[in-house]
Amino acid sequence: MRTRKIDRLTVEVYESTETLIPAAARILLGQLKSKPRSVVGLATGSTFVPFYDFVARHYMEEGVSFGQVVTFNLDEYFPISRKSADSYHTFMWEHLFSRVNIRASNTHIPDGEAENPSDEARSFEQNIVAAGGIDLQLLGMGRNGHIGFNEPGTPFDSRTHLAMLTESTINANAPLFSETTSVPVRALTMGIGTILDARRIVLIAYGSEKADAVRKSLAGGVTADVPASSLRTHADAMFLIDERAAEGLPQ
Ligand code: GLP
């Protein structure tokens with residue numbers, strides 16, 4: 001692993017996902033070990049399938065309990081039924097929540113069935129504040145540099161809101177959808193401001209399909225055109241990437 005600093009951001013480049021995933025998962029496990037009542041911001045997407053698998057298989061031997069952990073997920077499609085095979089609600093229960101000793105009442109995911117999405121967004125923000133704010137926020141990254149569902153152009157001070165997905169995001173996520181349904185064109189997402197309020201942020205990206213987004217986030221300017229570049233303004237943020245995702249970065 002090699003480390004570099006870009007503005008305030010620490011970038012760790014791992015040889016492969018075999019070393020990246022355990023290192024990333026151990027950041028979460030370490031957080032929960034040092035503060036059992038942690039408030040954690042969670043992410044979804046294929047990036048996090050091996051991550052949650054590692055966490056679920058190793059948390060007990062690491063002496064970690066999810067008994068007091070409070071979670072807030074970044075985003076959810078809208079509208080979508082919680083029970084849908086394609087909802088992020090289903091993703092979280094399948095890949096993590098059903099496999100660890102977390103309390104369902106301590107988990108929060110924006111409600112894709114909400115009657116009024118603005119009310120849902122407002123109460124989601126209030127719940128984060130009431131929980132004491134997010135200690136550690138996990139993030140993946142879209143191929144266009146989006147974080148959560150904050151597409152290019154979203155202001156850095158945005159709060160939880162109903163977002164329109166871009167065509168590139170819809171196309172990227174379509175293969176993950178069951179054949180019978182098409183990808184919703186909207187989603188409820190934490191805003192970039194909500195994400196940047198977290199005390200610590202860890203973004204994970206691997207594979208050559210993320211190389212362009214990594215290059216734009218780290219080698220270009222800090223700009224709303226590349227939402228992930230906002231992490232360079234944060235006091236305690238990290239990018240954990242593999243060599244393939246790093247291939248567009250200047251040496
Ligand atoms: C979706 C999610 C993002 C995620 C991105 C990348 O758009 N809203 O939070 O980071 O996909 O997904 P993947 O990990 O499948 O590449």
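Which backbone N or O atom lies 3.1 Å from an oxygen atom of the ligand? That atom belongs to M141. The model is predicted, so local features require pLDDT of at least 70 and side-chain atom pairs count only at pLDDT 80 or more, while totals for chains, interfaces and linings use all residues. Residues are numbered from 1 along each chain as its sequence is written, and side-chain values use heavy atoms, with hydrogens and water left out.

The ligand makes further polar contacts, each a pair of N or O atoms within 3.5 Å. In the side chain of S46, an N or O atom is 2.6 Å from a ligand oxygen. K210 places a polar side-chain atom 2.7 Å from an oxygen atom of the ligand. The protein buries 93% of the 390 Å² that the ligand exposes when taken alone. These areas come from the Shrake-Rupley method with a 1.4 Å probe.

The ligand is surrounded by 13 residues, where near means a heavy atom within 4 Å. S46, T47, D75, H146 and K210 come nearest. By class, the shell holds 8 polar, 3 nonpolar and 2 charged residues. Asp, Glu, Lys and Arg count as charged; Ala, Val, Leu, Ile, Met, Phe, Trp, Tyr, Cys and Pro as nonpolar; the others, Gly among them, as polar. The ligand occupies the largest pocket. A pocket is an open set of points on a 1 Å grid over the protein atoms alone, where a 1.4 Å probe fits, with protein on both sides within 12 Å along at least five of seven lines. A molecule sits there if more than half of its atoms lie within 2 Å of the grid points.

An open sheet of 8 strands has the order β1-β2-β11-β10-β7-β3-β4-β6, with mixed pairing. At its edges, β1 (2-6) and β6 (107-108) each pair on one side only. Strands are DSSP E runs of at least two residues, helices H or I runs of at least four, numbered from the N terminus. Pairing requires at least two DSSP bridges. Strands β7 (residues 136-139) and β10 (residues 200-205) run parallel and are joined by 4 bridges. L139 stands opposite L203 in β10.

Two loops show backbone exceptions. Most peptide bonds are trans, and most residues other than glycine have a negative phi. The bond from F78 to P79 is cis, with omega near -10°. P79 lies in the loop between β5 (75-78) and α3 (88-95). D7, in the loop between β1 and β2 (9-14), has a positive phi near 55°.

Note on methods. A polar contact is a pair of N or O atoms within 3.5 Å; within protein, one must be able to donate a hydrogen and the other to accept it, and residues adjacent in sequence count only if both atoms are side-chain atoms. On a 1 Å grid over the protein atoms alone, a cavity is a set of points where a 1.4 Å probe fits but cannot get out, and a pocket is an open set with protein on both sides within 12 Å along at least five of seven lines; lining residues have an atom within 4 Å of a point.
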